[in-house]
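Dear colleague,

Please find below the structure that I am handing over to you. I should be grateful if you would look through it alongside the notes that come after it.

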Amino acid sequence: MKTVLWMFIIFISFVIDGLAQDKKLDGKPIFIAKKCGTCHSIAAVGIIKKTTSTAKSGPPDLSMVGTRHDSTFIVKWLQKAETINGKKHLLKFAGSNEELGVLAQWLVSLKSDSLKSQRKP
Ligand code: HEC
């Protein structure tokens, strides 16, 4: 009986661990699934956009977007409820609010990774 209990406890701790992993908020699969990568690069995680336009006014690389906006803003921006320089985003996010939240928090979190890897001498 004791062993069964232990196995149960170990099983539960794996489940909790799994949930905690999810909480690490990996927005990359969402970013890819929602095709954000056709317009945006995120060099920090190796996403390079398909279009090769060199125009300066094109969609920005989002590696450092967290230095410009917070996640609340990004959520609203992607729902077309916010503007940047008087303009709205081209597309409204097509997915659940949960996905949008994870995506926005993940995007904001990238800045610290980039800062680490770009540390100046
Ligand atoms: C059809 C091309 C296109 C697609 C697809 C697209 N975007 Fe954009 N996005 C843009 C353009 C262009 C801008 C710049 C808008 C401006 O500054 O007026 C932009 C701006 C942004 C910004 C603000 C960047 C900044 O530094 O101010 C964020 C965040 C963003 N997009 C996220 C996303 C996400 C997440 C997706 C996928 C759900 C996505 N975009 C899909 C074209 C696109």
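The notes below cover confidence, overall make-up, the ligand surroundings, the nonpolar core and three individual residues.

Please bear in mind that this is a predicted model. The mean pLDDT of the protein is 84, and 72% of the residues score at least 70. Confidence is not even along the chain: helix H1 (residues 2-22) has the lowest mean, 64, whereas helix H3 (residues 71-78) has the highest, 98. I would ask you to read the details of each region with these values in mind.

As to overall make-up, the protein contains four helices and zero strands, and from the N terminus the order of elements is α-α-α-α. Of its 121 residues, 20% are buried. Among contacts with a separation of 6 or more, 54% join residues that are 24 or more positions apart.

The ligand is surrounded by 23 residues, and the closest of them are Lys34, Cys36, Cys39, Pro59 and Lys87. Two elements, H3 and helix H4 (97-117), each give two or more residues to this shell. The largest share, three residues, comes from H3. Sorted by class, the shell holds 15 nonpolar, four polar and four charged residues.

The largest nonpolar core has 18 residues, of which Ile74, Leu100, Leu103, Ala104 and Leu107 touch the most other members. Helix H2 (28-33), H3 and H4 are the elements that give two or more residues to this core, and H4 gives the most, with eight residues. Beyond its neighbours within four places in sequence, Ile74 is in contact with His69, Ala104, Leu107 and Val108.

Helix H3 merits a closer look. Which of its residues are buried? They are Ser71, Ile74 and Leu78. Viewed down the axis of H3, these buried residues fall within an arc of 55°, and they therefore line one face of the helix. As a general point, an α-helix has 3.6 residues a turn, so residues three or four places apart point the same way. Just after H3, Lys80 takes a positive phi of about 60°.

Ser71 itself lies in helix H3. Why does Ser71 count as buried? The cut-off is 20 or more other C-beta atoms within 10 Å, and Ser71 counts as buried because it has 20 C-beta neighbours inside that distance. Setting aside neighbours within four places in sequence, Ser71 is in contact with Ala104, Gln105 and Val108. Ser71 and Val102 are 31 residues apart along the chain, and their C-alpha atoms are separated by 9.2 Å.

Trp106 is the last residue I wish to mention, and its place is in helix H4. Trp106 has 22 C-beta neighbours inside 10 Å and so counts as buried. Leaving out neighbours within four places in sequence, the contacts of Trp106 are Leu25, Asp26, Gly27 and Lys28. With Asp26, the C-alpha to C-alpha distance is 6.1 Å, although Trp106 and Asp26 are 80 residues apart in sequence.

Yours sincerely

Notes
Residues numbered from 1 in each chain as written. Predicted model: local features only at pLDDT ≥ 70, side-chain atom pairs only at ≥ 80, totals over all residues. pLDDT = per-residue confidence, 0-100. Near = placed C-beta within 6 Å. Nonpolar A, V, L, I, M, F, W, Y, C, P; charged D, E, K, R; others polar. Core = buried A, V, L, I, M, F, W, Y, C linked by C-beta atoms within 7 Å. Buried ≥ 20, exposed ≤ 12 C-beta atoms within 10 Å, placed from the backbone. Contact = placed C-beta atoms within 7 Å. Arc of directions from axis to C-beta.
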